[in-house]
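Hello,

Here is the structure I said I would pass on. My notes follow below it.

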Amino acid sequence: MDLSPRARYALIIDGQQVEAASGETFTVINPATNEALATFAKGGPEDVDRAVDAARRAMEGKWGRLRPADRTRLLYRLAAAMADHAADLARLETLNVGKAISSTYAEVYSAIEELEFFAGLARAAGEAFPLAGSLQVMTQRDPVGVCALIVPWNYPIMLTGWKLAPALAAGNAVVVKPASATPITALMLAELALEVGFPPGVINVVTGPGSTVGDALVTHPGVAKISFTGETETGKNIMRKAAGDLKRVSLELGGKSPNLVFEDVDIEATAAASVWAIFYSAGQSCEARSRLFVHKSIYDRFLDAFVSATRRLVVGDPLDRNTHVGALISPQQVERVDGYVKLALEEGGRVLAGGSRPDDAALARGNFYLPTVIEGLGNHSRVCQEEIFGPVVAVQPFADEDEAVRLANDTQFGLAATVFTRDAARALRVARSIKAGTVTVNTPFTSFAGVPFGGFKASGFGRERALETLHLYTETRSVIINTGKGPHNPFGL
Ligand code: NAD
């Protein structure tokens, strides 16, 4: 399949590329240049109706009758097709999202590993066990029904893969709603899936605004389950609307994750790891460790190392393999990040690195912002409590372990946390005390296929990436069987 950039992309419904019923289109930019990248069909409620109907028919038809082993094979084939096209997919993703090509390459592989992981689980079935006396139980899992997969702009292909894999492994058909700013790779995955043999209607993609396409999916009576990743406020809104007909909902929402550095660490190595923890993806990660807490006894030395590592980051052309930090998604996002930096100054903070757009003329057209380190703010400042979603970290000292844990938990969010220490008992103690879905020790990496990923508190609920995720895409039926010689006679009649 040819994955070169195209000027024009259509919706994918029932295996066909189709225009929006309204005939409307919208244009998407390349964040590194702010030039138009391509034009997309602007879907609406009528297109959502068509897509949900196609998904329902796929489940009632050939797809619904496939053996689990056939689903396994198709998922492996899709993973292999993605691997064959990994370079092209990464390039498309970088052109669309603006982030460094080394990152998007890794994210394509994250989606591939997800498909492979769930391919192996497609046969996961129920259990059978003796209950009491003559009673035996058999549990069976059915696909939940048509799933709406609503994806944000920061990790489009990766999160589409994370949602598609368990939904399809469980036997569902889906309607994918990519973010308006980043629709390309979801469409390409759906085309690849058709090419490797997924029946039409199993994966439909409707591009368009969240307020119309997203809303139509969330309120559509034919949608059984919503898997949403995005902002906490959007998630709350979706949950309220989904309550109308009791749709199943999984929400992966925002974060303000802490990074705790204790006094016994290797300072240089920990500084390097901590720089990745915040500045990967230009800080536009739900689990970006945007609050850095450092033990007061090493605070100055650590900060020197951290600031100097931050200044060594290459901010530049996202297509260049040496770039660490690419463009932010939009001019508005640059304004938003800059607004938070100004707010930090008003709140009494000091900018130790970054704090502005780069003055490199080659980057002037794009949405670039320098990796920014701020100190001097209290944990209750807005900059330390609100999700900035950009390359900004606030550093604070702590006096002891109790204070570190208290500060780490002093947030509405609970997605991830990182702890650096050589003291194994302390690492486990602190990990256990932090209210977050993922705690990493001596590594900034938070997410792997097979490891549950998701939030506590306002970071959402429902885990992705693991066996329990598959269960969230199924309904369980318990069949209770009396194996005695006659029926039970509870009234003794
Ligand atoms: P967003 O909430 O604005 O949009 C996410 C998706 O929802 C988009 O496809 C959007 O079009 C759609 N949408 C918007 N309004 C809708 C509505 N009323 N009904 C239905 N759908 C609607 O989020 P974003 O700005 O694209 O993404 C950034 C956010 O995502 C951040 O808060 C980030 O922390 C979060 N995020 C969380 C995780 C996680 O796993 N917890 C991962 C990545 C991103």
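Of the 96 residues in the largest nonpolar core (buried Ala, Val, Leu, Ile, Met, Phe, Trp, Tyr and Cys joined through side-chain atoms within 4.5 Å), Met82, Phe198 and Ile203 touch the most other members. Domain 1 (8-253 + 459-478) and domain 2 (258-441) each supply at least three residues to this core; the bounds come from an automatic or database domain assignment. Contacts of Met82 (heavy atoms within 4.5 Å), leaving out residues up to four places away in sequence, include Leu89, Val108, Ile157 and Leu192. A second, separate core has 47 residues, among them Ala327, Tyr340, Leu377 and Phe420.

This is a predicted model: local features need pLDDT of at least 70 and side-chain atom pairs pLDDT 80 or more, while totals for chains, interfaces and linings use all residues. Residues are numbered from 1 along each chain as its sequence is written, and side-chain values use heavy atoms, without hydrogens and water.

There is also an open, antiparallel sheet of three strands, ordered β6-β7-β23 (strands are DSSP E runs of at least two residues, helices H or I runs of at least four, numbered from the N terminus; pairing takes at least two DSSP bridges). β6 (128-130) and β23 (474-482) are the edges, each with a single partner strand, so one side of each has no neighbour in the sheet. β6 and β7 (residues 135-143) pair over three bridges, and proline 130 has glutamine 136 as its bridge partner in β7.

Serine 281 sits in the loop between α10 (267-279) and β14 (291-295). Its relative accessibility is 2%, so serine 281 counts as buried (under 20% relative accessible area, 1.4 Å probe, protein chains only; exposed is over 50%, partly exposed in between). Beyond neighbours within four places in sequence, serine 281 contacts Lys99, Asn154 and Tyr155.

Regards
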